[in-house]
Each structure stands twice: as structure tokens, then as C-alpha cells.
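Here is a guided walk through one protein chain, written for someone meeting it today. Have a look around first, then read on.

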Amino acid sequence: MKIRLSTLTAFRIVIIAALLMLCIVSASADEQVGLEEIIVTAQKVEQNLEDVPVSVSVLPGSLIEESGANDISDLNGTVPNVILQDMVFIENTANMAIRGIGFFDTDPFADQKTQVLIDGIPHARVTGLGHDQIDVERVEVQRGPQGTLFGRNSLAGTVNIITRAADQEAGLAARATVGEYGLSKYVISAESGQILNDSLRSRLTISKRGYDGHVTNAFNGNRLGVQDSNTLRLKLDHIVSNVATTLTYYQVEEESDGIATSNVIQDPYGTADGDVHLVNMDTDGFNNSDESGFTLLSEIEFEPGTIYVAGNTHESSFLLYTDLDGRAGAQPPALGPNPRLNVNIGFDIDHGQDSLEIRFHDAHSTRWDYVLGVFAFKENARRFFYQNIGPPFSATYEFADAARTTIARQQTNSFAVFAQTDFRLNEQFILIAGGRITEDKKEVTVSNFGLPAPAPQRPPIVLDAETTWDQPTWKLGAKYEYSESIMGYATISTGYKSGGFTSRATVPENVGPYDAEYVTNYETGMKANLFQNHLRLSAALFYADYEDLVGFVRRTNSTGRGNEPINENLGNVDIKGLEFESDWLVQPNLSIDFAIGLLDAQWDTFLVDLNNDGIVTDNSHLDVLMAPHLSVSNAINYTSYLGQNTLDFRLEARYQSRYNSFGESNDEIYYRPATTLINGSIKWAWGARGNSVSVFGRNLTDKGVQKLTIGASIFPVAVYEAPRLLGLELRLNL
């Protein structure tokens, strides 16, 4: 039975829970101890979280490290109405959804719907976003379109990963982690402290992680998903007079032997053999990637205000090869029109991007507080596509015998000007207004040659295309400061994602272009800090109207015997919901974090030939993908003081209701069931330097449920939640 909560019922639940907490807190508040202040950059300048009229959640870096997390997918379920996962068969690629708007296309031509930034710099591709993150100070998750200040591709929201600044004191720190399934992680950080007349400080962090994988290929006995990750980050902070500059160099190298998918062509739910982590594949596959880049951040203070400069140059390469047919050896033929078709694919992606943002912030006036700036972005992407359909057309199923069938290139140039201001009418009432004008130009070349003889031949295609999109986005709203500790707001904001092309298409008309996407979001919310800073609350109600949403459809490929997934505008979606978060300091040594998100996502119009049968149908009955109706997270933190030492306990539960992870079908196989994952940690810290040893556990109840299923090629492919993992971490500060 599916239970749906109305918005009114949900609001009542939140209010009742808040009132109960208020009653208890009022009897237990300690005036001497309070919650720590949280600083965010959700409006391009540093502000207290409680002053920002945006629905934003903040995850501290210490929490990420102590829970055994490696990348942003390990944070899934901690933020209401947000899904943070990796891709089905591409482990270091992010699959994110905010408020029911998700996208999981690795095509280097396809822009993501959630903008991800690292230190405020946009990361244009989903490939690489699942890499290990080190030196994380905090993760800011902004829900809803951020088209005015953050611009392109912030249709659903923005995730900003803020890394640690160099410390003023010299020092050396080391972390060593070991765990089940061959998990090992070693991190060393070195601080120079203040040098050169206190004008320069630096921080170098090096990380190495290994993992033996938890999925086994029953065909050959090999482990899949064996990982080796190496990460380096060097940060230099330089301050002279009124100029503060940060220069960062980063480098990531990751290799994965075996693609840890649970293909379900013969076993629709992955459980027939009694083990969801036991699969059959002709070839193990691999996934290798490299990233490196420089980031320059500079603040120049002078009489009228502050000038901010943010520049970045970034390069990455990504090579993957995987088996998608789900049969091995003497396995029986598959169901469907091509029962003995082998689907082994690979792609090699090179990507380079350069970005520059210059903005000015003036907060000197008693009434005006504004930000204005310009943003320029250039990107070059190249994708080689490989295919191997096996003997007799190739000697083996391996990558070495795969044929390069497609070469696709795209160049993107984007330019924008933006401004946003707060105007204080009086001591309590503030008006908000902002706008942005963006121009995106994309030039593509797609050359498709097909498989060599003796495979069935097809005429090659070579396509050159160019399209430009121009789109204004804006924001209007108001903020009401009821008191120093209570604030309410109401906003109307818009978001935009440019149209584009499909690089994997083998027929000219399948390449595109498709049109841009738009959203108008209506939101009202409140934030409060109550009872001598012992209880922090935030809540938001929203309604979003998405137009021309882009997703997958199936179209006939050049052989005429199969189809290929391409991107196309599907229709309009209406989404409404609620978010509530609280941090409650019950006692100086006991705190409780609680968050709940409610979503109601429905297609308004969805008229398209979805299944390539030549008939346009009304598909509005399909569930919107990546849109759980209910998400809840709860964490309890307790500290026991043992003389000069402390013993910290943390137990958390993350719940997400059942949701569709594919979007093209309501078949049960494409649903992630309602799932509660429980994580926990115990940390003993001693000495003045904060040395510690901790034990952590992820998925403590050993849930073996589907995480994600998509219809790759003509076959459904699923991945299951990782089994329970226990680990031990030692941290020394020298």
C-alpha cells in the first residue's frame, strides 16, 4: 500500500515535532553553551546560515570524515529532498537529483541539471564528480534554481564543496583507515604555517585509497569494483595589504578493475542465485580516470567594496569498458528481439574547461547590499565510442578487440552578466531582486563509422552543427526579520539549462539539437535560532513549474535493427514539497539532528514517442524519476568526558521512500524500494592535539536493496547498496 501525505498533513507533523522539541528545550537550555555558527556562501558572499533566504543544508567536513565517507555519494540521504549517488556502472560519476529533478547521462555533450562547484568553481561534467574528496571543510547544498547568482545548469539546485584553507600554525597530520573488503585509506596533510612575514601559508594533502570490491563475477571468480585512488591538493594562501589570494593545484587518479553492476537480464531482481552481489559477465571491464587543474581565488578590498576573482583551468580523461548484455559462457539466450546479442561498450572522454568570474560586492550602504559580476566559460569535449559484439565479429570480448565506431567533439562558449541586490526598507523588511543574462553557444562534430566487416555494414555519417541559446533568469523576493533570531522569506526565482546535442547518436536526426529547459520556483520559508542558541530550525514550502524537461527516448539507430537512447524534450513537470531541518543541543554533550523532505512530483504534459513505435502517446502516468515522496534523516551525537579525553558516539538513520530510478517505465524493476540505512561511529580523542581513534560502520543492518536500475541499451542494469562495512581509523596530529 502506498502512503501519500498531503502538504497540510506533513506541515502539521513538522509543527507538532517542533513544538515538542521547543517544550523540552525550554526546560533544558544551558545559557553557557550553544550551537556553533555556520557560515555559507549561498549568495556569493560569506553569511550566517540563519540570515540566508534560501533553502540550504550544510554538511561539515568532520562529519564526512568520521562516517567513513569518500565521495559525495556516501552522503546520500542526509539532506532532505536530495539524492546523491554514483552512476549504475560508472563509479566515479555522480548521479544527483534535487527536489525530484535528476539526470544521469555521461554523454560529454549533456549538461547536468544540478550545478556542482568546488570552491565556487563549476565542474561542468558528471564524470569525475564521484572522485574521492579530501580536505573538505563543508558541503553546501542549495535546493531550487539558483539561476541569478550561479547561472547555467543550476536548474534543480547547486552543490558547493568547500575545501579547507591553510592553517596559520605549522603542523603535520596523518590518518590511516582500514576496513572490510580490503578498504584502506591513508591521508597525510602538512601545514607550513605563517611564513614570509606572515604573508604566506600553505597546505599539502596527499591521499591514497584502496578497495577490493564486494561484487563477484561468477563466470571467472574475479572481484569487480576493485579500486585504487590517489589524490593530491596543494593550497597556497597569500595576503598582502588589501589583497588576499588563494592558489590551488589538485590532481586525482582513479582506477577500477571490474564494473560492479548486477545485471538483471536473466535474473530480473538480482536475487535468483541468493546473492545480489554475484553476477555473470563475459568481461570484467574497467574504469580509469584522471583529473587535474589550477584554481585562483582573489579578494581585493578597497573603499567602494570588494572585488572577487575566481579563475580555473581543468583537464580530465575518462576511459570505461563494460559488459551490458548480462550473459556469460553457456548462459541461455536473453529475452527480447535480439536473444544472442552481445553488448560490450566503451568510451574514452577527454575534457577541458576554463572559467573566469569577476564580481563586485558592496555592503557599505545601510540600505543597499548588492553583488554584480561577469562570468565566462569555455569547454572542449571529445568522445570516442567503442563497441564489441563478440565472436565471430571480433576475436574476444575484451576491449583490445573492440572497434571504435564514433568520434564526437563539442566546443561550448558561455558568457553571462548578473546582479542581485538586497534593499532594506526598514529595520525588519528587506526586498530582494536579481537578474542574469546568459548566452551559450555549442558547436559539435559527430562522425559515426559503424563496426568493421564482417559485421553488418551501415553508411557512415559526419555531422557538423552549431546552435546558440540566450536566456534571462531572474529572482524577486522579500525577507522579514521578525527578531534577531527569527527570519521569514518569500521568493520567486527562475533557472535555465541550455539545449544541446547527443554524441552517441548514429543517425543525423538523432544528434539534435534539443531545446533549452526552464523552471519557475515559488518558495516561502523561515529560519530561527531559539533558546539561547540551543535550537536551530529552518523550513521551506515550494512549488516549481518545469518546462521542456529533457530526458531519454529511444530512436532507431543506423542499422535499423536496434535503437539508441538520445536526449529530447519530454514535457512539463509540476513539483511541490516541504523541507524541514533542525539542530537541537539538548545538553552540552548531547545533540540531535533531524530533517524531513516531502515531494509531490507529477508530469503536467508528457506527449512523446517514448518507445520508438512511431506513435506519440500521453506518458504523464509515468512517475517522475528520482523523486521519493518522503525522505527523513535523524542523527544522535553524544560526548562522554573522561578527564582530558572524550568519547564521541554518533548514530544516524537515513530513510527514502520508494521511487523510480529510470523514468521511462513504471515496471517494478525500475523502483528503488523504501529503504532505511543506518550508520554509526565511536571516536576516542585524547591529548591537546586532538589525536583520535574511531570505529565506524556503514549500512549496519546490511540492507541488500536496489540502489538504482536503468535501461541501458535494451537491457535493464541494476546496482545494489553496498553491504555492511566496518572500519577503523587512526588520526594523529604531530
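## Salt bridges, by the numbers

How many salt bridges does the count come to? The count comes to 39 salt bridges. Keep in mind that this is a predicted model, so every value below is computed from predicted atoms.

As a bit of background, side chains of opposite charge can pair when their charged atoms come close. The next two sections go through some of these pairs.

## Pairs that reach across the chain

Start with D107 and R504, whose side chains meet in a salt bridge at 3.7 Å, N to O. D107 sits in the loop between β6 (101-103) and β7 (114-118), while R504 sits in the loop between β27 (486-497) and α3, so this pair ties together parts that are 397 residues apart in sequence. Are these two buried or exposed? D107 has just 1% relative accessibility, so it counts as buried. R504 comes in at 15% relative accessibility, and it counts as buried too.

Next up are R164 and D135, with a salt bridge of 3.9 Å, N to O. This pair also links distant parts of the chain, 29 residues apart. You'll find R164 in the loop between β10 (157-163) and β11 (171-179), and D135 in the loop between β8 (121-122) and β9 (136-143). R164 has a relative accessible area of 19%, and because buried means under 20%, R164 counts as buried. D135, at 7% relative accessibility, is buried as well.

## A buried pair and a network

Now try E357 and R359. They form a salt bridge in which the closest N and O atoms are 2.8 Å apart. Both E357 and R359 are buried.

Some salt bridges join up into a group. Which residues are linked in a network of salt bridges? The members are D111, R125, R152, E379, D440 and K442.

## Strands side by side

A quick reminder before the strands: strands of a sheet pair through backbone hydrogen bonds, either parallel or antiparallel. Here, strand β25 (residues 429-448) and strand β26 (residues 461-481) pair in the antiparallel sense over 20 bridges. To find your place along them, look for S447, whose bridge partner in β26 is V462.

β26 has another antiparallel partner in β27, this time over seven bridges. A hairpin of four residues joins β26 to β27. For a landmark here, take E481: its bridge partner in β27 is M487.

## A three-strand sheet

In what order do the strands of the open three-stranded sheet come? The order is β15-β14-β19, and the pairing is mixed. β15 (223-224) and β19 (278-279) stand at the edges with a single partner strand each, so one side of each is left without a neighbour in the sheet.

Strand β14 (residues 215-217) and β15 run antiparallel and are joined by two bridges. One residue to look for is V215, which has L224 as its bridge partner in β15.

## A negative patch on the surface

Turn to the surface and look for E253, E255, D257 and D290, which form a negative patch. Which strand gives the most to the patch? That would be β17 (residues 243-257), with three residues.

D257 is found in strand β17. With 46% relative accessibility, D257 counts as partly exposed.

## Backbone oddities

A few spots in the backbone deserve a stop. The peptide bond from G512 to P513 is cis, with omega near 15°. P513 is found in the loop between α3 (508-511) and β28 (517-530).

Then there's the loop between β39 (691-698) and β40 (706-710), where N699 sits. N699 is not a glycine, although it has a positive phi of about 55°. D702 also lies in the loop between β39 and β40, and its phi is near 60°, a positive value in a residue other than glycine. What about their cover: buried or partly exposed? N699 counts as buried, at 5% relative accessibility, whereas D702 is partly exposed, with a relative accessible area of 37%.

Definitions and conventions:
Residues numbered from 1 in each chain as written. Predicted model: local features only at pLDDT ≥ 70, side-chain atom pairs only at ≥ 80, totals over all residues. Heavy atoms only, no water. Patch = residues over 30% accessible without salt bridge, like charges linked within 9 Å, V, L, I, M, F, W, Y side chains within 5 Å. Areas by Shrake-Rupley, 256 points an atom, 1.4 Å probe, with all protein chains shown as cover. Salt bridge = Lys/Arg side-chain N within 4 Å of Asp/Glu carboxyl O. Lys, Arg positive; Asp, Glu negative; His and termini not counted. Charge placed at Lys NZ, Arg CZ, Asp CG, Glu CD. Buried < 20%, exposed > 50% of the residue type's maximum accessible area, 1.4 Å probe, protein only. Pairing = 2+ DSSP bridges.
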